[in-house]
Amino acid sequence: MKCDKCGREAITYIRYSGAHLCPEHFTEFVERRVKKELRRQIDLKRTKKIAVAVSGGKDSMLSLYLLNRFFSGVRGLELEAITVDEGIADYRPATLKLVADYCEQLGIEHHIISFKEMLGFNLDDIVRKDDQITPCSYCGVFRRKAMNSVARDIGADVLATGLNLDDAAQSIIMNIARGDMERLARMGPHEHVQPGLVPRIQPLRLIPEKESYLYVMINNIPFSDKECPYRQKALRNTFRDIINRLEDETPGSRYSILKSYDEIKPLLVKKYPPVSLGRCRRCGEPANGELCMACRMQESLMTRID
Ligand code: SF4
Ligand code: ZN
């Protein structure tokens, strides 16, 4: 197979566009879409600091690499990385080191926040006490709180996540299947800025998971492919299978789902406008009600964990 652009040996065939691409043109193909999203999502005149959520997996490492590549020479714009240590013994310690080493190599400040210091217990403790729970439901809420509080404390204007096209399509379908229109309306990237909440941006939202993988391989970006041991329990897996089947049978489905969502989002936001948030009386983080969701979960868990 030859590259459609230059005639050199192709390394991939992009089914949804019918293109054969060599490493160089594949790299360009990915970067063009990331740049397009960044232009849409970030107002560079107002952005002084970007916090990047980095777990050590391929997507977050790619997001860090590309943001550094595009912005490291821009004066007055800083990049800092944040990793959450959930306290998952077989998984997190190795990735913490990987991210720390890569940040050092790139000259990017790296912050680590652990569930243990934030909550007094870690994710393994929660699961040890109750193996019937779905760890991701707790982990997701605690991670968001941890990320937001660090991003805000370091003065970041936006928080970049490693969400890719597959993740975005799964989340959209998941919220529709649950009938959770409010959550659907609140999905990032965020345009409305709420006091105390750092808006999330999603540089990779147009990049399919397989392309993210191929890009990091071609460009020698370090990443960990170790999976979180609790991932198998996630409800998201059902939606991952559905989206994969759909994409297999009808290439381009993921992108169509995202594009449709972008079209209807303004209507959703009009129907479900952002609520004005108060402060959690326990931790001071933004909250809809007396306590934020993380504190509500933390209180219910504390009665079960010594
Ligand atoms: Fe947390 Fe679930 Fe992700 Fe594991 S897979 S890090 S439990 S959200
Ligand atoms: Zn709280």
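**Reading a predicted zinc-bound model**

Student: What is the relative accessible area of Tyr213?

Tutor: Tyr213 comes out at 38%, so we call it partly exposed. Buried means under 20% relative accessible area, exposed means over 50%, and partly exposed is in between (1.4 Å probe, protein chains only). Before going on, bear in mind that this is a predicted model: local features need pLDDT of at least 70 and side-chain atom pairs pLDDT 80 or more, while totals for chains, interfaces and linings use all residues. Residues are numbered from 1 along each chain as its sequence is written, chains are lettered from A and ligands numbered from 1 in the order written, and side-chain values use heavy atoms, without hydrogens or water.

Student: Which residue of helix α9 counts as exposed at 71% relative accessibility?

Tutor: That's Lys210, which sits in α9. Its C-alpha atom is 21 Å from that of Val99, and the two residues are 111 apart along the chain. Helices (H or I, at least four residues) and strands (E, at least two) are DSSP runs, numbered from the N terminus.

Student: How do I read the sheet, and in what order do its strands run?

Tutor: Strands of a sheet pair through backbone hydrogen bonds, either parallel or antiparallel. Two strands count as paired if DSSP finds at least two bridges between them. Here 5 strands make an open, parallel sheet ordered β5-β4-β3-β6-β7. β5 (109-114) and β7 are at the edges with a single partner strand each, so one side of each has no neighbour in the sheet. Further in, β3 (residues 49-53) and β4 (residues 78-85) pair in the parallel sense over 5 bridges, and Val52 has Ala81 as its bridge partner in β4.

Student: Which helix lies across β3, β4, β5, β6 and β7?

Tutor: Helix α6 (residues 135-153) does, running at about 150 degrees to β4. Contact here means heavy atoms within 4.5 Å. Axes are lines fitted to C-alpha atoms, for helices over the stretch in contact, with angles from 0 to 180 degrees between N-to-C directions.

Student: How many aromatic pairs turn up in a search of the whole structure?

Tutor: The search finds 4. In one of them, Phe115 and Phe142 have ring centres 5.7 Å apart and planes at 80 degrees, so they are edge-to-face. Phe115 is in helix α4 (residues 115-119) and Phe142 in α6, 27 residues apart, and both are buried. Tyr213 and Phe223 are also edge-to-face, with centres 5.9 Å apart and planes at 85 degrees. Tyr213 belongs to α9, whereas Phe223 is in the loop between α9 and α10, 10 residues apart. Rings of Phe, Tyr and Trp (its six-membered ring) pair if their centres lie within 6.5 Å; planes under 30 degrees apart are stacked, over 60 edge-to-face, the rest tilted. Ring pairs also join Phe115, Tyr138 and Phe142 into a cluster.

Student: Which residues are the protein donors of the zinc ion (ligand 2)?

Tutor: Cys280, Cys283, Cys292 and Cys295, each through SG, at 2.2 to 2.3 Å. Donors are N, O and S atoms within 2.8 Å of the metal (3.2 Å for Na, K and Ca); water is not among the atoms, so sites may look incomplete. The spacing in sequence is C-x2-C-x8-C-x2-C. Cys292 is buried at 5% relative accessibility, and Cys295 is buried at 0%.

Student: Why is the arrangement around the zinc ion (ligand 2) tetrahedral?

Tutor: The 4 donor atoms subtend angles of 106 to 117 degrees, and four donors count as tetrahedral if all angles lie between 85 and 135 degrees.

Note on methods:
Tetrahedral: all angles 85-135°; square planar, octahedral: opposite > 155°, others 65-115°.
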